[in-house]
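Work through the exercises below with the sequence and the model open. Each task is followed by a solution in steps.

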Amino acid sequence: MGIYFDHNATTPLVSAALEAMTRTLAEDFGNASSVHAFGQRAKAHLDLARTRLAGLIGADPAELVWTAGGTEADNFALRGIAEAFEARGRRHLVVSGIEHEAVLNTARSLARRGWQVSIVPPTGDGLIDPAEVAAATTSETALVSVMHANNEIGTLQPVAEIAAVAHTRGALMHTDAVQTVGKAAVDVTTLGVDLMSLSAHKFGGPKGAGALWIRRGTRIAPLLTGGRHERNRRAGTENVPAIVGLGVAADYARASLGDHERDVAALRDRLEAGVLARVPGTVVNGNTARRVANTTNISFERVEAESLLIALDLEGIAVSTGSACSSGTLEPSHVLKAMRLPPGRTQGALRFSLGPTNTATEVDRLLDVLPGLVEKLRSLTRMPATR
Ligand code: PLP
């Protein structure tokens, strides 16, 4: 099957989620809005999934709105708050420069509609400084949006401190927790945020299912209008089988989180230390003390990361050059660029993101083949020794 070190792009489906989804698809086809027994069975599935997900993130089930994944949740948060706050004279948005495109491009879209958007740059090691957010936030700010963990380098942001800054100015706080929910302990109360995005396929659930958690009492306009689904917050017949899968994956994550995090961190550290020791001219990008357990982003001097990715793929090992959305293009990562890393370092950066199904044998296989592949690519390159 090959070795999969790309869990930040997506994760394999947890087998219990697959079974539950298959059963729901085959047996419980009802529309959750229907009054009859078929509909009520579908609705019971949604209620159970909501309770399971709420348990994973310390939320009240009634505060969760289903979405078609992280991108929709991010759009809903930014556009929904923008629409609700426009009339109140707050037309300013603060986001970080290392957000996922789902946040950054939505902010840019709002800017084209006349919103003021401040983009806070990260430090050189990929952290967002709450003082920088404070400097960017004004009495006109409607929303501050800073992600919990970055998808490319894994750095964990001081979300609770940033939320406190936002609240001091009367603004709301959103966090994109797509890369932490189900992988690390996430509690909406501890984070102190008002809105939080998550996505099922990043923690063993299916693609196309996610949620936006909205603190009770928060004014927000719907993104999708139509029927009265989700308490008038998200119109459209719910994708019951996918939501069932999300719920089962959430339950599984809650039960196994601590053990998985410890095991995955040990494997990631083995991989990282092994690469640094065996391949000269390598350096880790981003703060290594404040990051999720499964991610390491390593730059290979005098190597084009795309070429190394392909060489590893030919060996049956899957890694990434950054976010999945920007791979396939040779555009340097906007995250590493925002960190002001020199071009040689951004061009040679590979992301290894691990999951609970990875093994030490797989890590060792990578460590066996990697030095030779890098040496070969360096022998063929015209890239200068120091850049
Ligand atoms: N936010 C972050 C941080 C992500 O890593 C991703 C996925 O790559 C998304 C949002 C988008 O989530 P989805 O693929 O569910 O639309």
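**Exercise 1. The domain interface**

Task: Determine how many salt bridges cross the interface of domain 1 and domain 2, and describe what the interface is made of.

Solution.

Step 1. In this predicted model, the salt-bridge rule finds zero pairs across the interface of domain 1 and domain 2.

Step 2. Polar contacts do occur there: 12 residue pairs, both members at pLDDT 80 or more, connect domain 1 and domain 2.

Step 3. Locate the two parts. Domain 1 consists of 3–9 + 257–379, and domain 2 covers 15–252. Their C-alpha centres are 28 Å apart. To the contact, domain 1 contributes 27 residues and domain 2 contributes 31 residues.

Step 4. Take the area. About 2300 Å² is buried between domain 1 and domain 2, with 54% of it on carbon and sulfur atoms. On the domain 1 side, Leu257, Arg290 and His334 account for 25% of the area buried against domain 2, more than any other three residues.

**Exercise 2. The domain 1 side**

Task: State which elements give two or more residues to the side of domain 1 that touches domain 2, and which gives the most.

Solution.

Step 1. The elements that qualify are helix H9 (240–278), strand E10 (295–300) and helix H11 (334–338).

Step 2. H11 gives the most, with four residues.

Step 3. Sorted by class, this side of domain 1 holds nine nonpolar, 14 polar and four charged residues.

**Exercise 3. The ligand surroundings**

Task: Name the residues that come nearest to the ligand, then list polar side-chain atoms that approach ligand atoms.

Solution.

Step 1. There are 13 residues around the ligand, and Gly70, Thr71, Asp176, Ser199 and Lys202 come nearest.

Step 2. For aspartate 176, a polar side-chain atom lies 2.6 Å from a ligand nitrogen atom.

Step 3. Two histidines face ligand oxygen atoms in the list: histidine 201 has a polar side-chain atom at 2.9 Å from an oxygen atom, and histidine 100 has one at 3.3 Å from an oxygen atom.

**Exercise 4. A salt bridge between distant parts of the chain**

Task: Give the salt-bridge count, then find the partner of aspartate 6 and place both residues.

Solution.

Step 1. The rule gives 17 salt bridges.

Step 2. Aspartate 6 pairs with arginine 351, and their closest N and O atoms are 3.0 Å apart.

Step 3. Aspartate 6 sits in the loop between strand E1 (3–4) and helix H1 (15–27), while arginine 351 belongs to strand E12 (residues 349–353). The pair is 345 residues apart and links distant parts of the chain.

Definitions and conventions
Residues are numbered from 1 along each chain as its sequence is written. This is a predicted model: local features need pLDDT of at least 70, side-chain atom pairs count only at pLDDT 80 or more; totals for chains, interfaces and linings use all residues. Side-chain values use heavy atoms; hydrogens and water are left out. Domain bounds come from an automatic or database domain assignment. Contact means heavy atoms within 4.5 Å. Buried area is the accessible area (1.4 Å probe) that two parts lose on being put together, summed over both. A salt bridge is a side-chain nitrogen of Lys or Arg within 4 Å of a carboxyl oxygen of Asp or Glu. A polar contact is a pair of N or O atoms within 3.5 Å; within protein, one must be able to donate a hydrogen and the other to accept it, and residues adjacent in sequence count only if both atoms are side-chain atoms. Ala, Val, Leu, Ile, Met, Phe, Trp, Tyr, Cys and Pro count as nonpolar, Asp, Glu, Lys and Arg as charged, and the others, Gly among them, as polar. A residue is near a molecule or strand if one of its heavy atoms lies within 4 Å of it.
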